[in-house]
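Welcome! Open the structure in your viewer, switch on a cartoon view, and keep the selection box handy for a short walk.

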Amino acid sequence: MSQSPPPSGRLRKAPESFLTQDAIRTVFSEASQGRRDFVRQAFAAALTGGAAGAAVAQTAADGDPNILNLPEHSKGLGQPVAAEGYGKPSKFETNVQRRPSPGLTQTAQASVSFAPLQSLFGIVTPSGLHFERHHQGWWDIDPSKHRLMVNGSDAALLKRPLVFTMDELMRLPSVSRFHFIECGANTGMEWGNVAVPTCQYTHGMLSCSEFTGVPLRVLFDLCGVDYKRARYVLAEGADGSSMTRTVPMELVESGEVFVAYGQNGEMLRPEQGYPLRLVVPGVQGVSWVKYLRRLEVGDQPYGTKDETIHYIDLMPGGLHRQYTSTQECKSVVTTPSGGQVLLDKGYYQISGLAWSGRGKVRRVDLTTDGGRNWRTARLQDPVMSKCLTRFTLDWQWDGKPAIIQSRATDETGYVQPGTRQLRAVRGTRSIYHNNAIQSWLVEESGEVRNVQLA
């Protein structure tokens, strides 16, 4: 005898755009004074204002007009085929956008936009919602004029310096692989205390795509690189910041690093480095140099400004660590998450994302009582190396306060640390590589808030 499905609770989405332009200017002013109260107050007001729009359950006696009355789209002709040469999301989904963090940077060209993780399904980020990080704005470069140069810091390190056109690159043997990319500063605002309200802003400098391109080893073989002597690669971008990063040669020799021109079945988007970017799986996004124009092989790290002054880990004693580029195992629950509201008691599916820069995610454990008891979540297929993994768990909410956390373990045995564990080693003054366990408090009212456990 079949059992009836459990009653499912309803969930109201988090407000996405909760600040006006005037309010953003206020945030900039208060940020210079180290204050965040205005952001919290504005978000609370947006959350309260949305309560009036909550869905109300309809009884059979009321008679649902959406069932009783035949809708217009069932009575007439729709839009013609290919009315839009390039497909767009529904007009009812236009609020799902990547968004900048108010007050985070003073210049729009050197800034960040965050992917709406709480609104996405599966593991692939739509290209138009992929997070952005730019150091001097983005460009739409003519691919017919773009060139990639490969040279050596010493002429003896390779036999043939070469220059490739995009047409030449796209005729070489290619690979297509799914990988996550995460900014080293993702979750960086949370090092000292709770700073932002929703999953989009805490973890949204994270995306995952299928990238297509040429393995870097193929290009280096064509150039006759001496792998015994050339142990590092300098990657240089063509934007105004001339972004340069050192990549260890062993990553290239593994076959994982490639120069990509494709993303999710089409050419890269301009915001993602069109027409060419470097893909360095498992390594922080700043090393995935966009608008890639030059690769130089050398025999030692290059010590560029973005690996000696920026993208470093400030330690409690005042020293800093360099070249800590690998993104360690990490996870986040995306539903329920900050800003969302549980409208009923009953069944919910907890869902989230896990990832590791060292390989595959092996396991994700979930707790709804702040870590006293843990249950193992389901990992959805496919589970791929250095790629986002979707996890889920069934949960019956009884209407009482709950603290939801996820803890990921990767195939090397590394276990995602708690906030206190990480701060014991790293302190609270860092910016980069925060992979601590995220906590979401579900209040009796059903409102979900970002919290940190003392």
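## Spaces inside the fold

Let us begin with enclosed space: this predicted model holds 2 cavities of 30 Å³ or more.

**Stop 1: the largest cavity.** Select R133, R277, G285, W288 and K290, which lie nearest the centre of the largest cavity among the 21 residues that line it. The volume here is about 230 Å³. If you colour the lining by residue kind, you will find 9 nonpolar, 6 polar and 6 charged residues.

**Stop 2: the second largest cavity.** Now select L117, L120, F121, G122, I123, V124, T125, L353, L388 and R390, the residues lining the second largest cavity. They surround about 40 Å³ of space. What is the make-up of this lining? It has 7 nonpolar residues, 2 polar ones and 1 charged one.

**Stop 3: the largest pocket.** Keep L120 and F121 selected and add V96, S119 and L129: these five are the closest to the centre of the largest pocket, which is lined by 31 residues. The space in this pocket comes to about 840 Å³. Next, show the strands β17 (330-335), β19 (346-355) and β23 (389-397), the elements that each give two or more residues to the pocket lining. Of these, β19 supplies the largest share, with 3 residues. By kind, the pocket lining splits into 15 polar, 11 nonpolar and 5 charged residues.

## A sheet and a helix across it

**Stop 4: the open sheet.** Turn to the sheet of 5 strands, which follow the order β6-β5-β14-β9-β10 with mixed pairing. Which strands stand at the edges? Select 162-165 for β6 and 244-248 for β10: each has a single partner strand, so one side of each is left without a neighbour in the sheet. Look along the sheet and you can follow its twist, which averages 20° from one strand to the next.

**Stop 5: a parallel pair.** Within this sheet, select residues 147-152 for β5 and 292-298 for β14; the two strands run parallel and are joined by 4 bridges. Zoom in on N151, and opposite this residue you will find E296 of β14. As background, strands of a sheet pair through backbone hydrogen bonds, either parallel or antiparallel.

**Stop 6: the helix.** Finish by selecting residues 216-223, helix α6, which lies across β5, β6, β9 (232-237) and β14. Compare the helix with β6, and you will see α6 running at about 135° to that strand.

Notes
Residues numbered from 1 in each chain as written. Predicted model: local features only at pLDDT ≥ 70, side-chain atom pairs only at ≥ 80, totals over all residues. Heavy atoms only, no water. 1 Å grid on protein atoms, 1.4 Å probe; cavity = no way out; pocket = protein on both sides within 12 Å on 5 of 7 lines; lining within 4 Å. Points joined across faces, edges and corners; volume = space filled by probe spheres on them. Nonpolar A, V, L, I, M, F, W, Y, C, P; charged D, E, K, R; others polar. Pairing = 2+ DSSP bridges. Axes fitted to C-alpha atoms, helices over the stretch in contact; angles between N-to-C directions. Contact = heavy atoms within 4.5 Å.
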